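Q: Please take one part of this chain and go through its surroundings closely. Start from the overall order of elements, then work inward.

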Amino acid sequence: MTTYPLTLPTHTGIRSINIRAVNVVAYERSPFTLSGQAQASAGQGWAADVTLPPMKYEDAEQWNAWLLSLRGQFGTFLMGDPVRALARGSARGTDTVTVNGAGQTGENLNITSDQLSELEYLKAGDYIQLGSGISTTLHKLLVDVDTDASGNATLTLWPHVRTAPSNGATVVVENAKGRWRLSSNESEWSVNEASIYGISFSAMEAI
């Protein structure tokens with residue numbers, strides 16, 4: 001029996017990835033004055049288009065088996081930005097970083113780190129991960145963050161934190177990942193006359 005979320009295969013790497021940040025906003029614009037009104041909803045989530053490098057049969061069939069194991073949109077998998085494993089700031093995976101306070105949802109998240117009075121500990125554009133397994137979520141920082149003399153800091157995040165993590169929960173600052181599912185129930189691949197496979201897929205955040 002397959003257990004989700006699956007781990008993303010790494011035997012070939014990814015040729016390219018187009019990551020999109022999707023906001024749910026209703027916008028109406030007058031055809032007469034061109035003035036508009038925007039209404040933001042709570043919906044925020046990641047989407048991505050992944051293209052794999054051209055590959056031979058042996059590598060391709062590992063990917064095909066993985067994609068079929070997802071059973072279309074039923075299963076989920078973990079994936080992060082493949083070129084952004086490390087933070088632009090000084091935060092690293094060897095640090096102890098945890099949620100500071102229970103019941104936090106929304107744009108801001110209070111954390112504490114064992115790195116005290118650290119300037120630019122995390123920088124705008126850095127990723128963090130909250131949770132693990134089926135509770136894994138990927139977030140991007142919107143502003144630079146310093147830690148104070150006690151190691152405390154407040155992160156401004158996109159997407160917003162939907163489910164409050166527990167006080168003391170781990171905050172992943174290196175190799176951050178989110179939980180995804182395929183955007184379609186169909187999986188496909190192409191093969192040319194040289195037996196070179198072409199594989200690509202689209203995914204959306206599993207919310």
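**Strand 8 in its setting**

A: Read from the N terminus, the elements of the protein chain follow the order β-β-β-α-β-β-β-β-β-β-β-β-β-β, that is, one helix and 13 strands. Helices (H or I, at least four residues) and strands (E, at least two) are DSSP runs, numbered from the N terminus. This is a predicted model in which local features need pLDDT of at least 70 and side-chain atom pairs count only at pLDDT 80 or more, while totals for chains, interfaces and linings use all residues. Residues are numbered from 1 along each chain as its sequence is written, and side-chain values use heavy atoms, with hydrogens and water left out.

The part chosen here is strand 8, residues 137–141. Four of its five residues are buried, so strand 8 is largely enclosed by the rest of the structure. Buried means under 20% relative accessible area, exposed over 50%, and partly exposed in between, with a 1.4 Å probe and protein chains only. Across the protein chain, 39% of the 207 residues are buried.

Strand 8 belongs to an open sheet of six strands in the order 5-6-9-8-7-10, with antiparallel pairing. Two strands pair if DSSP finds at least two bridges between them. The edges are strand 5 (97–99) and strand 10 (171–172); each has a single partner strand, so one side of each is left without a neighbour in the sheet. Strand 8 has strand 9 on one side and strand 7 on the other in that order.

Towards strand 7 (residues 127–130), four bridges make the connection, and the two strands run antiparallel. Strands 7 and 8 form a hairpin with six residues between them. In the turn, Gly131 has a positive phi of about 75°. Towards strand 9 (residues 152–161), the pairing is also antiparallel, over two bridges. Lys140 of strand 8 takes part on both sides: Tyr127 stands opposite Lys140, and Lys140 stands opposite Trp158 in strand 9.

Tyr127 leads on to the aromatic residues. Rings of Phe, Tyr and Trp (its six-membered ring) pair if their centres lie within 6.5 Å; planes under 30 degrees apart count as stacked, over 60 as edge-to-face and the rest as tilted. By this rule the model has nine aromatic pairs. One of them joins Trp46 and Tyr127, tilted, with 6.2 Å from centre to centre and 50° between the planes. Trp46 lies in strand 3 (residues 36–51) and Tyr127 in strand 7, so the pair ties together parts that are 81 residues apart in sequence. Both partners are buried: Trp46 has a relative accessible area of 7%, and Tyr127 has 8%.

A second tilted pair consists of Tyr57 and Tyr197, with ring centres 6.5 Å apart and planes at 55°. Tyr57 lies in helix 1 (residues 57–69) and Tyr197 in strand 13 (residues 197–205), so this pair ties together parts 140 residues apart in sequence. Tyr197 is buried, at 11% relative accessible area. Separately, Trp63, Trp66, Phe77 and Phe201 form one aromatic cluster.

For the chain as a whole, 72% of the contacts with a separation of 6 or more are between residues 24 or more positions apart, where contact means heavy atoms within 4.5 Å. The C-alpha atoms fill a box of roughly 60 × 60 × 30 Å along the principal axes.
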